[in-house]
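Reader: I would like to learn how to read a few features of a structure model. Could we go through them one by one?

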Amino acid sequence: MSMNERAADTLVIGGGLVGAAVAYGLLRAGESVTVLDEGDVALRASRGNFGLVWVQSKGDKMHEYARWTRGSADLWPEFAGLLAQDGGIDPDYSKPGGIHFMLSEEDLEKKRAQLHRLHNSLEGQEYGAEIIDREQLDAMLPGLGPDVVGASWSPHDGHASPLRLMRGLHSAIAAKGGRYVADAKAEKVERDGSGYVVRTAKGAFRGDKVVLAAGHGNKWLAPSVGLDVPLRPEKGQIIVTERVRPLIPMPTHVMRQTAEGTIMVGDSHEDTGYSDASTSSVVSDIAKHAVRCFPALGQLRVVRTWGAVRVLSLDGFPIYQESATHPGAFSINCHSGVTLAGAHALALAPMIARGRLDASLDAFHSRRFEHATAH
Amino acid sequence: MPRRIDPEGKSIGFTFEGRPVAAREGDSVAAALTAAGLRDLRDSAVSGSPRGIFCMMGACFDCLVEIDGIPNRQACMIPVTEGLAVRRQRGAVEVRI
Ligand SMILES: Cc1cc2nc3c(=O)[nH]c(=O)nc-3n(C[C@H](O)[C@H](O)[C@H](O)COP(=O)(O)OP(=O)(O)OC[C@H]3O[C@@H](n4cnc5c(N)ncnc54)[C@H](O)[C@@H]3O)c2cc1C
Ligand code: FES
């Protein structure tokens with residue numbers, strides 16, 4: 001196999017939202033970077049997601065995650081500006097606040113208790129979410145169905161175009177001199193002196209450091225650098241409607257209107273292995289629920305539906321880690337690659353460039369699963 | 001300028017912006033409009049620039065028109081029937097809540 005001449009400071013395996021955000025951040029930190037990406041056959045959550053930059057209700061059971069998520073939402077305005085400047089593509093980010101509907105008094109009370117708990121343990125800093133009643137909700141978002149009793153609302157929530165984010169990251173990577181190699185599935189990661197060599201059908205690539213950011217691919221790549229990455233697939237399906245005039249002023253967990261005017265409606269949580277098939281029974285349940293929340297959606301024509309596979313760790317929280325046995329080898333996985341793109345590019349990548357994850361990320365190591373079993 | 005390669009078929013009539021257009025049985029709305037030299041079917045809901053047919057096979061959604069009062073219909077996917085009322089679509093559709 002031919003050896004690729006140019007060695008990079010860092011090889012990033014995987015060019016989805018996670019790998020691309022880290023690669024962009026490494027380039028910003030002054031590194032030379034090569035991104036190796038599998039082809040169109042790969043499972044790619046980054047092409048099929050909902051586009052929320054969402055803070056509320058994340059990390060109830062892991063406060064480090066609540067803080068990290070809020071930190072990423074705080075970085076997003078700067079991150080979106082840098083992307084537009086470096087790559088020429090604006091990811092259509094806006095932060096009008098986000099709404100999670102409650103369809104019963106019981107749910108409303110549960111949510112109130114959760115927010116109270118978080119407020120107390122996080123000193124009120126993190127979500128900034130509050131419960132609003134139907135009257136307050138009507139003032140923010142007219143047109144809700146009679147079953148919506150109230151909502152939780154957070155000013156830190158927002159949304160972006162996931163496809164423009166992907167294109168923007170890749171365009172910024174190219175503009176910053178990064179190298180992107182498609183159809184280059186990493187077959188093997190091996191030591192090479194003090195660095196690493198990654199073998200692919202497009203040749204072998206060398207780097208001083210290596211970042212595994214291959215989504216589900218990390219599960220089987222990780223052992224080669226002495227890491228364990230237990231992941232499970234979960235399918236989500238999404239509906240997108242025809243374009244209409246501005247109708248929904250802020251994103252909700254059920255629907256959001258894109259900058260172009262389409263309305264995205266989602267999503268399901270299905271245990272169907274690695275299948276990303278779209279199924280009409282699930283799609284019609286999603287549509288029914290959305291129309292119950294916001295009846296005017298019933299007038300709209302559906303343009304497309306699709307399924308995509310989430311990359312979930314066993315507890316749903318991110319896995320950030322460096323190998324103890326293979327210095328300079330890192331693995332990165334998360335469930336919310338849009339939300340966390342700001343933190344991945346502007347907080348995590350600088351740590352990787354320095355060669356060490358900060359102690360503040362210790363809680364995200366996969367050693368927390370040592371007593372769990374993958375299912 | 002596109003032209004018909006096969007002028008066979010029964011002729012039927014519909015309207016575009018209120019003016020009569022001649023079609024052949026089996027034409028899609030898009031095919032009949034193209035044969036009549038009508039290419040500006042709507043303007044983009046995002047940029048306002050003119051749009052018309054592109055893929056002719058239901059994939060691109062560029063050919064949207066209003067048909068019998070219903071907006072955002074794909075002209076290339078709908079067969080012409082006698083008396084259809086087709087209109088240009090200006091800007092995005094307004095939904096009433
Ligand atoms: C239905 C749905 C809705 C979602 N909604 C949201 C949301 O609203 N907000 C949010 O923040 N997140 C959301 N997500 C999650 C988000 O999409 C993911 O967190 C994110 O896309 C994960 O990115 P990734 O790069 O890790 O994975 P992927 O997109 O799967 O990318 C992995 C990449 O690695 C490559 N690869 C795999 N194996 C190899 C190998 N051996 N060698 C080289 N390359 C390899 C693949 O080609 C692929 O490009 C949603 C996900 C789904 C499925
Ligand atoms: S021309 Fe492409 S969908 Fe009609």
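**Reading exposure, contacts and pockets**

Author: We can start with exposure: G355(A) has a relative accessibility of 26% and therefore counts as partly exposed. Bear in mind throughout that the model is predicted.

Reader: Why does 26% make G355(A) partly exposed?

Author: The class between buried and exposed begins where buried ends, and buried means under 20% relative accessible area, with exposed over 50%. G355(A) is at 26%, so it is placed in between.

Reader: Where is G355(A) in the chain, and which residues does it touch?

Author: G355(A) is in the segment that follows α8 (341-354) of chain A. Apart from residues up to four places away in sequence, it touches E322(A) and F330(A). A sequence separation can also be set beside a distance in space: G355(A) and L231(A) are 124 residues apart in sequence, and their C-alpha atoms are 25 Å apart.

Reader: What does a residue at the other end of the scale look like?

Author: Take S154(A), which has 0% relative accessibility and so counts as buried. It belongs to strand β6 (residues 150-154) of chain A.

Reader: Which residues is S154(A) in contact with, leaving aside its neighbours within four places in sequence?

Author: The contacts of S154(A) are Q56(A), G97(A), G98(A), Y127(A), G128(A) and A129(A).

Reader: And V53(A), is that residue buried or exposed?

Author: V53(A) is buried, because its relative accessible area is 0%. Its place is in strand β3 (residues 52-53) of chain A. Not counting residues up to four places away in sequence, V53(A) touches a list of residues that includes A73(A), W76(A) and Y93(A), the run H156(A), D157(A), G158(A), H159(A) and A160(A), and also V338(A) and T339(A). For a distance, V53(A) and G88(A) are 35 residues apart in sequence and 21 Å apart from C-alpha to C-alpha.

Reader: How should I read V282(A), and is it buried or exposed?

Author: V282(A) has a relative accessible area of 18% and is therefore buried, the cut-off being under 20%. The residue is part of helix α7 (residues 280-293) of chain A. Leaving aside neighbours within four places in sequence, V282(A) is in contact with Q237(A), S268(A) and E270(A). E270(A) is 12 residues from V282(A) along the chain, with 9.3 Å between the C-alpha atoms.

Reader: Next, cysteines. How many disulfides does the structure hold?

Author: A disulfide is a covalent bond between the sulfur atoms of two cysteines. Over all chains, the structure holds 0 disulfides. Exposure is a separate property of a cysteine. C293(A) has a relative accessible area of 1% and so is buried; C334(A), at 8%, counts as buried too.

Reader: What about backbone angles: which value does phi of F61(B) take?

Author: The sign of phi is the thing to read here. F61(B) is not a glycine, yet its phi is positive, at about 60°. It lies in the loop between β4 (50-51) and β5 (64-67) of chain B, and it is buried because its relative accessible area is 18%. D68(B), also a residue other than glycine, has a positive phi near 45°. D68(B) is in the loop between β5 and β6 of chain B; at 47% relative accessibility it counts as partly exposed.

Reader: Into which domains is chain A divided?

Author: Note that a domain can consist of several sequence segments. In chain A, domain 1 is 8-51 + 163-229 + 318-369 and domain 2 is 98-155 + 232-313. Their centres, taken over C-alpha atoms, are 30 Å apart. Across the boundary, 16 residues of domain 1 are in contact with 20 residues of domain 2.

Reader: Last, pockets. What is the volume of the second largest pocket?

Author: The second largest pocket has a volume of about 1000 Å³. It is lined by 40 residues, and V240(A), R243(A), E260(A), T262(A) and R304(A) are the closest to its centre. The elements giving two or more residues to this lining are α5 (162-175), β12 (231-241) and β15 (302-313) of chain A, and β3 (42-43) and β6 (70-74) of chain B. By class, the lining has 15 nonpolar, 11 polar and 14 charged residues. Domain 1 and domain 2 of chain A each supply at least three residues to the lining.

Conventions: Residues numbered from 1 in each chain as written. Chains lettered and ligands numbered in written order. Predicted model: local features only at pLDDT ≥ 70, side-chain atom pairs only at ≥ 80, totals over all residues. Heavy atoms only, no water. Disulfide = S-S within 2.5 Å. Buried < 20%, exposed > 50% of the residue type's maximum accessible area, 1.4 Å probe, protein only. Helix = DSSP H or I, 4+ residues; strand = E, 2+ residues; numbered from the N terminus. Contact = heavy atoms within 4.5 Å. 1 Å grid on protein atoms, 1.4 Å probe; cavity = no way out; pocket = protein on both sides within 12 Å on 5 of 7 lines; lining within 4 Å. Points joined across faces, edges and corners; volume = space filled by probe spheres on them. Nonpolar A, V, L, I, M, F, W, Y, C, P; charged D, E, K, R; others polar. Domains from an automatic or database assignment.
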